[in-house]
Amino acid sequence: MERLEILKTYKIFIGGQFPRTESGRYYSPMNKKGEALANMCLSSKKDHRNAVVAARKAFGSWSERTAFNRGQILYRIAEMLEGRKSQFVEELVKQGATAPKATAEVDLAIDRCVYYAGWCDKYQQVFSSVNPVASSHFNFSALEPMGVVGIIAPQTNSLIGLVSTILPVIAGGNSCVVLAAEQLPLCAITFAEVLATSDLPGGVVNILTGSEKELIDAFHAHMDINAVLYAGENDEHARKLEEGADCNVKRIIRYVGGLTKTTDESPYYINDFQEVKTTWHPIEHVGGATSSY
Amino acid sequence: MSTNKIHKKVPDFRLSPTVDKVGVEERVARFQTRSIKNESKMQGLKMVLNMIDLTTLEGKDTPGKVRQLCYKAQHLHDVQPDLPTVAAICVYPSMVAEAKKALGNSGIKVASVSTAFPSGQAPHEIKIMDTRFAVENGADEIDMVISRGKFLAGEYNFVFDEIAAIKEACGSARLKVILETGELASLDQVRRASDIAMYAGADFIKTSTGKIQPAATMQVTYTMLCAIKDFYLKTGVKVGMKPAGGISNSKLALHNLVMVKETLGAGWLNNEWFRFGASSLANDVLMQIMKQTTGHYQSADYFSID
């Protein structure tokens, strides 16, 4: 007798758990032949709100971890991703990629995790500074994570765009609420399973699937989101974000092109979601030889 | 003003009604399925605010902390007009004078815990002195704890007499009796302790000190509300209810209001007969009110620290 295949149910990822959408709504993304790929959760504003609450709760302890420890955990993500490579390749092929292209995309995603794992304890040295001032002060500027970052992932690819937007944000000590690509969401939830098994504390990354059009307002209107990364293609949505961000003056950053190239990685992506804090520390002398620090 | 008295004719507390735990759980689950429409929600939230006993009961409490809390009680969120104040401030006896001064003639009451809160493990005279001290310093309400050890040992008369003695020491101050249901083990015991407290003169019965988990679960609160209802039907005296501890979000608070309405009726839906003992509930309610007003989900960054 022929075996009946068990199809996977894709759920959303909030606070380290995999709940179904509270709204009970689903949608079916299609492949190029017009066949349904899977049933995905059509997340609601309430799911988004729950995700923000989870992200806020996780932010404190995540930002207080040592930079080195964050690096270790990001490296662990790369390890777990490597172990489930074939699953990701399979999903990418299902969603319309050729096998070689899919393999290349997964390889690049793994390498990108390692890349940002390495930057965790180094970006601070690169971007912070000791500043010359005209008084007896030791004046220095250092970076601090912004808080909860909303991420709207690129809509044109399934995995690499997601990894390239999430990793620099959490490498810098932020937590995030991510909306995956609407029509290519399979890898996002499988990536959530990778995150759930790689020492990343629950709530640091929360991943929703659903409609960008429906949720875009939730991203700019929520007072507890400190910044939004928009990597989608819709100019109208980008403008809406900019206009709506005035409620708590959140930072809006836009990346275009899907972040698919090997060169789409840089510590500046980490820097985009950092605040600069400058400290004036009184000292006796300013000059090098006689200074007291 | 005190609204209950020490009753001369009391039932045999060994025969207090037993409680159907499964039935209580099912009934309580029903209260949580009521749909509350936006307009009623706004009214409900303001009612919750007005029923809060804003509480600080920590070893590290300072006069400064108490003054800050009193300020907060009067200015919950000044950017939003038409907000009520909380019902009372709840502090240790040593802080009563400070709170009284800080609240002035705002109409907000000062409640003081008493009788060697939270354990209640102190000699009788000390509990009386503790209560008198709080009343002399101006406390409008006294939150006493019962002797759970004696109660569990079956010495119901001791517990009754102790509550009655404190009631006398209270004078005109209203007496809330804390049962500390987290230590009473079963709903039968909660019911029995409620009966003892009400016949001994409690103006309010209160679930918990907030120091023990579980605290004010809906099951426990429901059991106590039923006791209040039976007491009212039998004696004609209204007794207030104060769940305390563990109610930290608006949703749960609104569920509690639904439960009060459907168990005791609208007569209990005001801060003379129903209170929430809470410290972090107020901010969550304020955030919900602002969400209803602005349409935006709120951030704790824009509300006072409590």
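Student: In this predicted model, what distance separates the end C-alpha atoms of helix α9 of chain B, residues 218-235?

Tutor: Helix α9 of chain B has 18 residues, and at 1.5 Å a residue these should span 26 Å. The computed separation agrees with that expectation, because the end C-alpha atoms are 25 Å apart.

Student: Which elements of chain B do the buried residues of α9(B) pack against?

Tutor: The buried residues of this helix include B:Met218, B:Val220, B:Leu225, B:Ile228 and B:Phe231. An α-helix has 3.6 residues a turn, so residues three or four places apart point the same way. The partners of the buried residues of α9(B) are, in chain B, α1 (21-31), α8 (187-199), β6 (204-206), β7 (240-242) and α10 (250-263).

Student: Which residue takes a positive phi just after α9(B), and what is the value?

Tutor: The residue that comes just after α9(B) is B:Gly236, and its positive phi is about 80 degrees.
Most residues other than glycine have a negative phi, and most peptide bonds are trans. The residue asked for here is a glycine, B:Gly236, with phi at about 80 degrees.

Student: Where in chain B is B:Pro214, and what is the omega of the peptide bond that leads to it from B:Gln213?

Tutor: B:Pro214 belongs to the loop that runs between β6 and α9 of chain B. The bond from B:Gln213 to B:Pro214 is cis, and its omega is near -5 degrees.

Student: What is the omega of the cis peptide bond between B:Phe117 and B:Pro118?

Tutor: B:Pro118 sits in the loop between β3 (109-114) and α5 (124-136) of chain B. The cis bond that joins B:Phe117 to B:Pro118 has an omega of about 0 degrees.

Student: Is A:Leu259, whose phi is positive, buried or exposed?

Tutor: A:Leu259 is placed in the loop between β9 (251-254) and α10 (267-271) of chain A, and its phi is near 55 degrees. A residue counts as buried under 20% relative accessible area. With a relative accessible area of 3%, A:Leu259 is therefore buried.

Student: Is B:Asp82, with phi near 65 degrees, buried or exposed?

Tutor: B:Asp82 lies in the loop between α3 (63-74) and β2 (88-91) of chain B. The cut-off for an exposed residue is over 50% relative accessible area. Since the relative accessibility of B:Asp82 is 66%, this residue counts as exposed.

Student: What is the radius of gyration of chain A?

Tutor: A compact globule with 293 residues would have a radius of gyration near 19 Å. The value for chain A agrees with this expectation, and it is 21 Å.

Terms used. Residues numbered from 1 in each chain as written. Chains lettered and ligands numbered in written order. Predicted model: local features only at pLDDT ≥ 70, side-chain atom pairs only at ≥ 80, totals over all residues. Heavy atoms only, no water. Rg over C-alpha atoms; globule rule 2.2 N^0.38 Å. Helix = DSSP H or I, 4+ residues; strand = E, 2+ residues; numbered from the N terminus. Expected span 1.5 Å × (residues − 1). Buried < 20%, exposed > 50% of the residue type's maximum accessible area, 1.4 Å probe, protein only. Contact = heavy atoms within 4.5 Å.
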